[in-house]
Amino acid sequence: MAGSEKKSEKDIKIEELAKKVMDIARDRIAVSLRFLDIALAEAKVIAKKDIKNKNEAAGGGMATDGQYIYYDPVWVLQTYKTEPSLVTRTYLHMLLHLLFFHPFSYDKLDKVLWDFAADIAVEASIISLDNPSFKVEKDIEAAEELRTIKRLCHGLTAEKVYKYLRTYDISEAGKIRWFVLFHKDEHIYWRKKQEISIQLEKWQRISQRVKTDLKNFSKGGIANEEMEASLSDATREKYDYSELLQRFMTSGEDIRQSDDEFDYIYYTYGLEQYGNMPLIEPLEYRDSKKVREFIIALDTSASCKGAVVETFLKKTYSILKSRDNFFTEVNIHIIQCDNQIRQDTKITNNDEFEEFCRSFKLKGFGTTDFRPVFKYVDELIAKGEFENLKGLIYFTDGYGDYPEKMPDYDVMFAFLAEDDLAPKPPVWAYKIILQPEELEAEMIRLEQEKRQAEAVKQAEDDRTDETVR
């Protein structure tokens, strides 16, 4: 029990009984779901008072921070008395949150919407088990709601539900209904970024093991589509877009002093012996890996929404800017295309890139065909438009016709989501699935910058008005 106050006999008795109930819940999970044995072993259980989120009128008495599962002994006993399986259900609910990595990106997302999405994904997995040890009173109503959510979101993983909510949101009445049906544990410790993030690597290893064990478990005739989908999303190899962007850098001459190639011994010796005449001058140039020539192709078919495309473009730009990857002069083509080339904007410096971002408008909205872009780029190369084109980044939903021939430059296809029904990209192309939190964080950053700029402008206008008066 947290705290150093002396416990009464009543408190001690409550803790002892609550621990027995938690042991029973653990055993039920272990017996019914053998593939979770490693997760049960790693998630240590600790008694703790006052877990309930103070901002909620109702809620559970359990929570996790990635390392421990906390439970309120009083809540455990009261719940076990009224609905015994709810304790086991909440225990399992939190284990799945950890296995699906739900707590570990919390700082980058809309917390309210992610809470709903994460709880829905976990409850969908548990309800689909159809195991008496985990059933609670609201399961029939929750299952009906899940069928509707699955149809709307095209799946029940947290990522798909969250993406839907970010696009369409739901009414306050709908949020209350979802809270009643799917809320089990408190997410109050998910907000502690530093403490929660150090647990991610451990749960990545555990999830891989559970995913393998689940496949073996399913061979016995028990399959769980929702749990397998969430585990696949969680354990799918994820790449850092900013790191992959480095593959599209090309060497070039950057006018800057090269400290690495400058020998200060000869320099200072010359000053000492000959006054103001050093024996060697610092090199004015250095060879630096920086973006000089590449192409950003934007899929402007009807399925790619303008706000998302614009955010991707600005994220790419912000990565380049933050890494200081621009030469003074660049040759970047931003090509908009659906089934034909709609616009080609040439960027030669930072100011032009910023102006393009400010005035950016999508053109097209037809069907998707990737081949016109590659044909067009070949024509540009033949005309001498590029000296050393390193790569092409194609942002798309994936539904289109790919070229058969491999080009002489690197190609990366960037997708918003994994879609098993979409055509597979060529083996010679890099493929990256942009994580929702990547674009989400960028959208939040851009919104904050916009608000700050508006506030600064308003303050300047106010000062001007005051001066005039």
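**Exercise 1. Work out which residues of α1 and α4 meet, and how the two helices cross.**

Start with the residues themselves. On the α1 side, look for V21, M22, A25, R26, R28 and I29; on the α4 side, their partners are V87, T88, Y91, L92 and L95. Keep in mind that this is a predicted model.

Next, sort that contact by class. You should end up with eight nonpolar, one polar and two charged residues where α1 touches α4.

Now step back to the helices as rods. α1 covers residues 9-32 and α4 covers residues 85-99, and their axes come within 9 Å. The crossing angle is roughly 65 degrees, and the crossing of α1 past α4 is right-handed.

**Exercise 2. Do the same for α1 and α3.**

Begin with the geometry here. The axes of α1 and α3 are 9 Å apart and the helices pack at an angle of about 65 degrees. The hand of this crossing is left-handed.

Then list who touches whom. From α1 come I14, E15, L17, A18, V21, M22, I24 and R28, and from α3 come P73, V74, V76, L77 and Y80.

Finish with the classes: 11 nonpolar, no polar and two charged residues make up the contact of α1 with α3.

**Exercise 3. Describe α4 as a helix, then say how much of it is covered.**

First, its length. α4 has 15 residues, and the distance from its first C-alpha to its last is 21 Å. That is close to the 21 Å expected at 1.5 Å a residue.

Second, its surroundings. Count the buried residues and you get 15 of 15, so α4 is mostly covered. The cut-off for calling a residue buried is under 20% relative accessible area.

**Exercise 4. Find the largest nonpolar core and the part α4 plays in it.**

Step one is the size: this core has 38 residues. Step two is to pick out the residues with the most contacts inside it, which are Y91, L92, L99 and W203.

Step three is to see where the core gets its residues. Elements giving two or more include α1, α2 (37-42), β3 (68-71) and α3 (73-82), along with α4, α5 (111-129), α10 (200-218) and α11 (225-235). Of these, α4 gives the largest share, eight residues.

Step four is a closer look at Y91. Setting aside neighbours within four places in sequence, Y91 is in contact with M22, A25, R26 and I29, and also with L40, A43, V45, M62 and I69.

To round this off, look for a second, separate core. That one has 27 residues, among them L113, A118, C153 and V161.

**Exercise 5. Compare two residues with positive phi: is each one buried or exposed?**

Here's the background: most residues other than glycine have a negative phi.

Take F101 first. F101 sits in the loop between α4 and α5, and its phi is positive, about 65 degrees, although it is not a glycine. With a relative accessible area of 12%, F101 is buried.

Now D130. You'll find D130 in the loop between α5 and α6 (139-153). Its phi is also positive, about 55 degrees, and D130 is not a glycine either. D130 has a relative accessible area of 53%, which makes it exposed.

**Exercise 6. Place D50 and say how far it is from V74.**

Locate D50 in the loop between β1 (44-47) and β2 (62-64). With a relative accessible area of 58%, D50 is exposed. Then go from D50 to V74: they are 24 residues apart in sequence and 9.6 Å apart in space, C-alpha to C-alpha.

**Exercise 7. Give a short account of α16 and of I381 within it.**

Start with the span. α16 (residues 371-382) has 12 residues and reaches 17 Å between its first and last C-alpha, close to the 16 Å expected.

Then check burial: P372, V373, F374, V377 and L380 of α16 are buried. I381, also in α16, is partly exposed with a relative accessible area of 36%. Leaving out neighbours within four places in sequence, I381 is in contact with F386, L389 and Y409.

Last, see what comes after the helix. α16 is followed by G384, with a positive phi near 85 degrees.

**Exercise 8. Sum up the whole chain.**

Count the secondary structure to get 17 helices and 10 strands. Of the 469 residues in the chain, 47% are buried. Finally, take the contacts between residues at least 6 apart in sequence: 72% of them join residues at least 24 apart.

Technical notes:
Residues are numbered from 1 along each chain as its sequence is written. This is a predicted model: local features need pLDDT of at least 70, side-chain atom pairs count only at pLDDT 80 or more; totals for chains, interfaces and linings use all residues. Side-chain values use heavy atoms; hydrogens and water are left out. Axes are lines fitted to C-alpha atoms, for helices over the stretch in contact, and angles run from 0 to 180 degrees between N-to-C directions. Helices (H or I, at least four residues) and strands (E, at least two) are DSSP runs, numbered from the N terminus. A crossing is left-handed if the near helix is turned anticlockwise from the far one by less than a right angle, and right-handed if clockwise. Contact means heavy atoms within 4.5 Å. Ala, Val, Leu, Ile, Met, Phe, Trp, Tyr, Cys and Pro count as nonpolar, Asp, Glu, Lys and Arg as charged, and the others, Gly among them, as polar. A nonpolar core is a set of buried Ala, Val, Leu, Ile, Met, Phe, Trp, Tyr and Cys residues joined through side-chain atoms within 4.5 Å. Buried means under 20% relative accessible area, exposed over 50%, partly exposed in between (1.4 Å probe, protein chains only). The expected span of a helix is 1.5 Å times one less than its number of residues.
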